[in-house]
Amino acid sequence: MKLSEIVRELEAVPLTEEDHRGLEITRCAGSDLMSDVLARPTDGILLLTGLTSIQTVRTAKIAGVAAVVFVRGKTPPPETIELARAERLPVYASPLSLFVCCGRLHACGMTGLDGRR
Amino acid sequence: MTLVTKRYPLRARDFLHAGEASVQVQAMLKAMRLDPGLIRRVAICSYEAEMNAVIHGGDGELEMALSEDRIVVEVRDAGAGIADIELAMQPGYSTADETAREMGFGAGMGLPNMKSHADELEIDSAPGRGTRARMVFHRRPPQEKAP
């Protein structure tokens, strides 16, 4: 699924420059627990999270996450967005809940980290 | 023979900069075009250990040493230390406070994550003596390298 389609499906707005819209992503994780993200195979995934701290961006970099969508209409603090910009990590904000975001992407064919639906 | 050694100071409770050292280590190893799977393992362990030091530690230091056959990451802090290392290794066991949890850490996954991603993990700690976590990652022997 293209990142541009994901963004449309989640009614999300970009928080950084949009130069990754053609990115193809097939696997997705929803988590507010960064250690759980780090424990799983996360290369090239989409991360849905309600955690807006700067550690979300660092975790995403370390774990090889391709893009992050902050859920529940949360606005990250400026330092989180600044680091995402500096690290060239595409980050978005969706007004939808984590549950609804997961449901919409699942309906579009996205899988979990182990490829299961 | 050690090819490169890098040291980064760590500051206790500095959550704004926590993890910066590991991101820098990751970027350096990527620039050296090392095996992506190896870099991933090193980065995850380094980051978890760095977060532990910032959450629980006094000030400390992260050291990464790259040699031809291995990468060694050592994180030392002058914090409270660990009373029962075996207990601390249990998944889900944590003494982290609310601030660490708000950052998405402190769920008792740090040490188990380090153990599962490093080839060797050695923890040296005692109450009042701080903690030293040493992780070794073996590089692939030359004959197994991709052509």
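## Exercises on a predicted two-chain model

**Exercise 1. Which radius of gyration does chain A have, and why does it agree with a compact globule of 117 residues?**

Solution. A compact globule of 117 residues would have a radius of gyration near 13 Å. Chain A has 12 Å, which agrees with that expectation. It should be kept in mind that the model is predicted.

Further values describe the same chain. The C-alpha trace of chain A spans about 35 × 30 × 25 Å along its principal axes. Of the 117 residues in chain A, 40% are buried. When contacts between residues at least 6 apart in sequence are considered, 55% of those in chain A join residues at least 24 apart.

**Exercise 2. State how many helices and strands chain A contains, and give the order of its elements.**

Solution. Step one is the count: chain A contains five helices and five strands. Step two is the order: read from the N terminus, the elements of chain A follow the pattern α-β-β-α-β-α-β-α-β-α.

**Exercise 3. Which elements of chain A give two or more residues to the side that touches chain B?**

Solution. Begin with the contact itself: 18 residues of chain A are in contact with 19 residues of chain B. On the side of chain A that touches chain B, the elements giving two or more residues are α2 (34-38) and α3 (54-63) of chain A. The largest share of this side, seven residues, comes from α3(A). Finally, classify the residues on this side of chain A: seven are nonpolar, six polar and five charged.

**Exercise 4. Which side chains of strand β2 (residues 60-67) of chain B point to the buried face, and which point to the other?**

Solution. Start from the general rule: in a regular strand the side chains alternate between the two faces of the sheet. In β2(B), Gly60(B), Leu62(B), Met64(B) and Leu66(B) point to one face and are buried. Glu61(B), Glu63(B), Ala65(B) and Ser67(B) point to the other face and are not buried.

**Exercise 5. Determine how β2(B) pairs with strands β1 (residues 2-10) and β3 (residues 70-77) of chain B.**

Solution. Take each partner in turn.

1. β1(B) and β2(B) run antiparallel and are joined by eight bridges. Leu10(B) has Gly60(B) of β2(B) as its bridge partner.
2. β2(B) and β3(B) also pair in the antiparallel sense, over seven bridges. Here Gly60(B) has Asp77(B) of β3(B) as its bridge partner.
3. The connection from β2(B) to β3(B) is a hairpin through two residues.

Gly60(B) is thus a bridge partner of both Leu10(B) and Asp77(B).

Conventions
Residues numbered from 1 in each chain as written. Chains lettered and ligands numbered in written order. Predicted model: local features only at pLDDT ≥ 70, side-chain atom pairs only at ≥ 80, totals over all residues. Buried ≥ 20, exposed ≤ 12 C-beta atoms within 10 Å, placed from the backbone. Helix = DSSP H or I, 4+ residues; strand = E, 2+ residues; numbered from the N terminus. Pairing = 2+ DSSP bridges. Rg over C-alpha atoms; globule rule 2.2 N^0.38 Å. Contact = placed C-beta atoms within 7 Å. Nonpolar A, V, L, I, M, F, W, Y, C, P; charged D, E, K, R; others polar.
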